[in-house]
Amino acid sequence: MKKYLLTIFTFILPFINFAQEAQEVGIDQKIDQIFGDATGWFVNFIFYQIDFGGEVKVFWVLFPLILGALYFTFYFKFINFTSFVTSVNIVRGKYDDLEGREDHKVEIEKSKFTDEDDNPDTIRVEGHEGEVSHFQALTAALSATVGLGNIAGVAIAVSIGGAGATFWMIVAGFLGMASKFVECTLGVKYRDIGEDGTVYGGPMYYLTKGLKAKGLAGLGKVLAVLFAIFVIGGSFGGGNMFQVNQAFQLVESITGGDASFLHGRGWLFGVVMAVLVGIVIIGGIKKIAKVTDKIVPFMVVIYVAASLFVIFANYHMVGDAFAAIWDGAFSPEGVAGGAIGVLVQGFRRAAFSNEAGVGSASIAHSAVKTKYAASEGMVALLEPFIDTVVVCTMTALVLIITGNVTAANAGLNDAQAILLTSGAFESVISWFPYVLTVAVVLFAFSTMISWSYYGFQGWAYLFGRSKKMEYAYKLLFCVFVVIGSAASLGSVIGFSDAMIFAMMVPNMIGLVLLAPRVREELIKYKDAIKNRVIEK
């Protein structure tokens with residue numbers, strides 16, 4: 001009996017200690033400590049810095065990102081610039097007749113899968129009948145990228161790297177267009193279509209199939225498994241915890257900051273968000289998803305309009321802002337690491353924002369209805385342009401014009417940097433922080449839904465496509481919503497970035513090896529367009 005009681009006591013002792021420590025430091029801080037201890041080793045490995053002497057230190061993971069994007073830009077003869085107009089025309093439907101049908105648009109309501117138990121947002125991404133238009137695929141992928149990275153990520157980049165980080169974010173955006181083209185072309189070329197018409201695509205499949213065709217089956221399998229593991233972690237980190245954490249930061253700030261009833265109760269906000277996310281991804285209440293689908297694009301328009309209002313209201317300062325961006329990119333003052341340090345911040349935040357080279361977007365794009373894989377790759381290259389070159393630059397200009405990028409801000413922590421964007425808008429539009437808070441919550445909600453699908457694709461690849469496995473993943477996803485809102489921003493951002501960049505490593509290896517296949521697809525599609533013009 002004593003042995004039995006001793007065993008029980010030994011089991012519950014950690015929970016007693018946790019409760020005692022939580023009372024002393026607060027449950028939020030305790031969760032953060034546990035989370036940080038559990039993930040610190042991985043974050044330190046991914047963000048190991050190569051010392052080039054002095055204060056110049058560069059994360060090793062930036063090398064495959066930058067070199068890969070540069071390689072694809074030259075390999076495909078600057079497709080990110082030369083095919084820009086063609087890409088816009090594809091989205092406009094100019095070449096839809098090449099698909100063998102006049103109307104390439106699909107009405108989801110006509111799908112036999114749209115019963116009350118389905119999530120239309122997921123249907124839109126999956127394309128049960130393989131009939132998602134180019135515009136729908138682009139919208140689906142953008143819903144997972146345009147959002148908090150553009151609002152908070154830019155504030156973090158410029159607060160640490162100064163105005164010059166904006167220049168390198170723009171450069172990274174243009175280069176990333178080539179990487180996005182390659183991965184999304186491969187996503188369509190090597191996708192799987194289930195018996196019920198559900199599309200399964202992404203790096204897991206083109207790494208496995210594509211490298212097997214090149215006689216590298218073993219390598220392909222290893223890389224695919226690694227990517228699947230990382231995309232699951234990425235869905236819990238960047239696609240979940242980072243999103244809800246950012247949303248909580250603004251909600252807490254707008255409701256009184258330290259005096260807010262939510263102060264120290266991030267877990268409570270997380271529980272509410274977890275329930276809402278769970279209703280959509282588990283219960284499938286399609287009306288909620290439909291409303292969100294309509295509201296989020298509207299909030300993007302509101303955000304861009306507000307940015308333009310601030311910029312035009314201070315049009316006389318725009319020239320000075322661009323001068324600060326240019327000067328800061330090459331001769332920064334008061335920034336650790338000098339120009340290299342600014343470059344690192346710019347590329348790191350751009351990669352987190354547009355996910356070019358990461359491989360996640362190819363999961364959404366793989367569901368498109370097309371006979372030409374390269375057509376969707378060309379559509380996808382518009383994403384980094386919209387996300388980073390346009391939206392991120394607008395945010396940076398707002399921060400610079402309103403005087404929120406100074407040497408004093410370079411030392412701010414992540415949580416303080418996030419509130420810079422809200423404060424910048426408030427200095428010109430007093431009521432806008434309230435609108436921004438609503439937008440951030442909606443952005444977070446939409447992104448979490450999209451990333452839950454990305455993560456599930458990796459989960460299904462590893463553990464099978466059964467309903468039991470599906471619900472196991474989605475329940476775990478909801479648990480991480482609570483953890484993310486309670487953990488400190490430092491731990492969440494570190495883990496989120498680490499998982500995003502970890503996904504890039506196996507993906508980039510596959511992209512370089514499979515680039516010749518992409519070139520074949522590009523030639524085939526360009527020939528089709530050329531012959532179409534000749535025939536007409």
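Seven rings, F236, F456, W459, F463, Y473, F477 and F480, form one aromatic cluster. Keep in mind that this is a predicted model.

Let's start inside that cluster. How far apart are the ring centres of F236 and Y473, and how are they arranged? Centre to centre it's 5.7 Å, with 20° between the planes, and the pair is stacked. F236 sits in helix α11 (residues 217-254), while Y473 belongs to helix α21 (residues 467-486), so this pair ties together parts that are 237 residues apart in sequence. Are these two residues buried or exposed? Both F236 and Y473 are buried.

Across the model, the count comes to 28 aromatic pairs. Another of them joins F45 and W60: their ring centres are 6.0 Å apart and their planes meet at 55°, so the pair is tilted, because that angle falls between the 30 and 60 degrees that mark off stacked and edge-to-face. F45 comes from helix α2 (residues 27-46) and W60 from the loop between β2 (57-59) and α3 (62-75), so parts 15 residues apart in sequence are tied together here. F45 counts as exposed, with 52% relative accessibility. W60, at 25%, counts as partly exposed.

Rings can have charged neighbours too. Here are two lysines that lie over ring faces:

| Lysine | Ring it lies over | Distance from ring centre |
|---|---|---|
| K189 | Y190 | 5.5 Å |
| K474 | F456 | 5.8 Å |

The second row takes us back to the start: F456, the ring under K474, is part of the aromatic cluster with F236 and Y473.

Methods
Residues are numbered from 1 along each chain as its sequence is written. This is a predicted model: local features need pLDDT of at least 70, side-chain atom pairs count only at pLDDT 80 or more; totals for chains, interfaces and linings use all residues. Side-chain values use heavy atoms; hydrogens and water are left out. Rings of Phe, Tyr and Trp (its six-membered ring) pair if their centres lie within 6.5 Å; planes under 30 degrees apart count as stacked, over 60 as edge-to-face and the rest as tilted. Helices (H or I, at least four residues) and strands (E, at least two) are DSSP runs, numbered from the N terminus. Buried means under 20% relative accessible area, exposed over 50%, partly exposed in between (1.4 Å probe, protein chains only). A charge sits over a ring if NZ of Lys or CZ of Arg is within 6 Å of the ring centre and within 35 degrees of the ring normal.
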